[in-house]
Amino acid sequence: MEEVDVEPTITNIPAISDGKHMGFAWGPGDILVYETLYKASGASGSGCSFIHEIRKDEDIYSPILRKLFNESHHIFVGLQTIREELPSKSKKPQFVSISKNYRSVIRACMEELQQVAVSTRNVELATQCGNQVSILLAIELIWNLCEVLFIDAAPAGSLLLHLLDWVRLHKADVDERAREVLQSESPAEHHDYWDVVVSYVLQGRLEEVRQMLVKQGTLQPAARSMYKQMDTLLSKMPFYNPGGTQTLTEFDVKWRHWHEEVDRCLQDNSFASNRHLEVICKILLGDEDTLLDHKELLGTWYHFLVTRLLFCHPTVKPTELHYYAQSCMTMFLDSRSVSEPLDNILLAAFEFDIHQVIKECSIALNNWWFVAHLTDLLDHCKLLQSHNLHFGSNLREFLLLEYASGLFTHHSLWQLAVDYFDHCPEFGRVYLELQIERVPLETERKALKVLRICEQRQMSEQVRSICKIMAMRALRNNRLGSALSWSIRAKDAAFATLISERFLQDYCAKGTFSDLDLIDNLGPAMLLSDRLTFLGKYREFHKLYGEKRFREAAKLLLSLMTAKIAPQSFWMTLLTDALPLLEQKEEEDVEVTKVELLRLALARNLAQAIVKEGTVET
């Protein structure tokens, strides 16, 4: 179970009966819910309270969706490197490319979830994956529309082409039905044949329509001229080419001439004898009643909107979209039905109300991933500059902070959150300092990873805290070397002194030092505390003695005895260490003098100790 905030706010909700209450403890990613029992004075009986953990963001625990979080993290970090000083025109293609990268990651996760949902025998898992696919479909649909309207900001003419691509991408069932029809023995006689043809017409895929109608025309020689006439109308329908030499006005004139030709064919009853071709002719004219008769094939009001624009208003301007969107939504949806959250989000997008889109998505979706990344991208496109929140942070930073805080509750995704905090200039540092302290340090490897993050950001207080925790844990497990190493890293003089004492105590008990590599390589770190200095120097004395460098060993021992940094309990050990040196004969005269002085001092101290000991005994 993840840790909750330090001293979390507790909210008690009184129950109706039995003296029971419900309490909530809010954490960074979870909520702890518990029942409390209050006994009246003198009441007897016992009760048991249960604690329940409620996760507000289940998606971070999905293995497949974790790939979404990891991949999108790389895209996010790359986006932050785009130089601010570049002109907007040169940055726009980069922003569109980044948007497409985000969508490709979404679609890859959708496909993987779909495969699991189909292949698994676990009903619960299949349902869960199916639900996640539905959510990602909606997210990709919204993102794609925002890309068209806000990021790419397609002008009149190009706008409709982008919207057609948008509808076709999200209405892919037409191609599946078409494959079934074409793979049958007699496609033109297949029961879904005309549904596929009309669906292609509704999506403006007129080349596919012409290919399908050829098959029908060969079966009806008497009606061949009628099919030929329809083929001519379909082939003549003009589509705007943004890269061509034709202006939008010239295209509009050409399109109106074609539209009038289609209208004449309908008025002349050219297709009256074939109801299917007549329906196609009416759709080409954008007849609203005919379009609404095919709600089932259209599927959604926004498909109806794009089809209506295609055959009635192909040069629609971005500023006009909201009018057509609202009217199409009203016409398409049953007057008794209530619009879904997705409808409201898409309508807000067509109204170019970016902040309403973000608000509605924040309410409707089950995590912050989508709104955080989309808002960040829109902010880089300079589309959110005027929107600041009343409590200080701007909208982009607020959503990124919420998303990153959720990631910190996961055992591995917390590492991604660090980069998100790094790119929140106002409150990111504060959030990171608070969240990093809650990361469970189960292993030294993980502790070193957390420590490295803190050291790179000069988070000295967190560095000390982590090192102290790890030092204390190592000390409890009697791993003195590790404990000393962590205390040195924390620059904690008091703790280093405590551990040095333990090393010296162990030496007194066992006659040897543990963790010699660490003690031998303390270097300047031994200056952290007097006791640590003594430990390092005393170990150095042993090395000199072992190498038979008695003169240097004696000098060092003498300095240790006179510097007064040795613990009182260790004095007898030092005196004992001095005895063999007093017997050495090969030292210089000056050293002999020092030894004699030391011998005299030892004799006096020993005599005093004996007198005092005798006095105490009597």
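Helices are DSSP runs of H or I with at least four residues, and they are numbered from the N terminus. With that in hand, here are some exercises on this predicted model.

**Exercise 1. Place Phe-352 in the fold, decide whether Phe-352 is buried, partly exposed or exposed, and list what Phe-352 touches.**

Step 1. Start with the helices on either side: helix H15 covers 341-350 and helix H16 covers 354-364, and Phe-352 sits in the loop between them.

Step 2. Next, look at accessibility. Buried means under 20% relative accessible area and exposed means over 50%. Phe-352 has a relative accessible area of 32%, so Phe-352 is partly exposed.

Step 3. Now search for partners, leaving out residues up to four places away in sequence. Phe-352 touches Leu-149, Phe-150, Pro-318 and Leu-321.

Step 4. Finally, compare sequence and space. Cys-146 is 206 residues from Phe-352 along the chain, yet their C-alpha atoms are 9.0 Å apart.

**Exercise 2. Get an overall picture of the chain: how many helices and strands does it have, and what share of its residues counts as buried?**

Step 1. Count the secondary structure elements: there are 29 helices and 4 strands.

Step 2. Turn to burial. The chain has 618 residues, and 45% of them count as buried.

Step 3. Add the surface. The accessible surface is about 32,700 Å², and carbon and sulfur atoms hold 53% of it.

Step 4. Check how the contacts are spread along the sequence. Among contacts with a separation of 6 or more, 59% are between residues 24 or more positions apart.

**Exercise 3. Explore the largest nonpolar core: which residues touch the most other members, and which helix gives the most to it?**

Step 1. The core holds 169 residues, and those touching the most other members are Leu-163, Trp-166, Leu-213, Trp-301, Phe-350, Trp-369 and Phe-370.

Step 2. Helix H3, residues 123-151, gives the most to this core, with 13 residues.

Step 3. Zoom in on Trp-301. Setting aside residues up to four places away in sequence, its partners are Ala-325, Cys-328, Met-329, Phe-332, Leu-333, Asp-343, Leu-346, Leu-347 and Phe-350.

**Exercise 4. Describe the second largest pocket: how much space does it hold, and which residues are closest to its centre?**

Step 1. The space in the second largest pocket is about 440 Å³.

Step 2. The lining has 21 residues, and Leu-137, Leu-169, His-170, Lys-171 and Ala-172 are the closest to the centre.

Step 3. Trace the lining back to the helices. At least two residues each come from helix H2 (88-119), H3, helix H4 (158-169), helix H5 (173-182) and helix H13 (301-312).

Step 4. Sort the lining by character: 11 residues are nonpolar, 5 are polar and 5 are charged.

**Exercise 5. Is Gln-203 buried or exposed, and where does Gln-203 lie?**

Step 1. Gln-203 belongs to the loop between helix H6 (193-202) and helix H7 (206-219).

Step 2. Its relative accessible area is 1%, so Gln-203 is buried.

Step 3. Beyond its neighbours within four places in sequence, Gln-203 is in contact with Leu-164, Arg-168, Lys-171, Val-174, His-303 and Leu-310.

**Exercise 6. Examine the backbone at Ala-153 and Lys-382: what is phi for each?**

Step 1. Recall the background: most residues other than glycine have a negative phi.

Step 2. Ala-153 has a positive phi near 50°. Ala-153 lies in the loop between H3 and H4, and a relative accessibility of 40% makes Ala-153 partly exposed.

Step 3. Lys-382 is not a glycine, but its phi is positive at about 65°. Lys-382 falls in the loop between helix H17 (369-380) and helix H18 (395-407), and with a relative accessible area of 41%, Lys-382 is partly exposed.

**Exercise 7. Find the helices that hold Cys-281 and Leu-291, then list the contacts of these residues.**

Step 1. Cys-281 is in helix H10, residues 275-284, and is buried at 0% relative accessibility.

Step 2. Apart from neighbours within four places in sequence, Cys-281 is in contact with Met-230, Val-262, Leu-266 and Phe-271. The C-alpha atoms of Cys-281 and Phe-271 are 8.0 Å apart.

Step 3. Leu-291 is in helix H11, residues 288-292, and also counts as buried at 0% relative accessibility.

Step 4. Not counting residues up to four places away in sequence, Leu-291 touches Leu-202, Ile-283, Gly-286, Leu-298, Phe-304, Thr-307 and Arg-308.

How values were computed
Residues are numbered from 1 along each chain as its sequence is written. This is a predicted model: local features need pLDDT of at least 70, side-chain atom pairs count only at pLDDT 80 or more; totals for chains, interfaces and linings use all residues. Side-chain values use heavy atoms; hydrogens and water are left out. A nonpolar core is a set of buried Ala, Val, Leu, Ile, Met, Phe, Trp, Tyr and Cys residues joined through side-chain atoms within 4.5 Å. Buried means under 20% relative accessible area, exposed over 50%, partly exposed in between (1.4 Å probe, protein chains only). Contact means heavy atoms within 4.5 Å. On a 1 Å grid over the protein atoms alone, a cavity is a set of points where a 1.4 Å probe fits but cannot get out, and a pocket is an open set with protein on both sides within 12 Å along at least five of seven lines; lining residues have an atom within 4 Å of a point. Grid points are joined across faces, edges and corners, and a volume is the space filled by probe spheres set on the points. Ala, Val, Leu, Ile, Met, Phe, Trp, Tyr, Cys and Pro count as nonpolar, Asp, Glu, Lys and Arg as charged, and the others, Gly among them, as polar. Accessible areas come from the Shrake-Rupley method with a 1.4 Å probe; for residues, only the protein chains shown count as cover.
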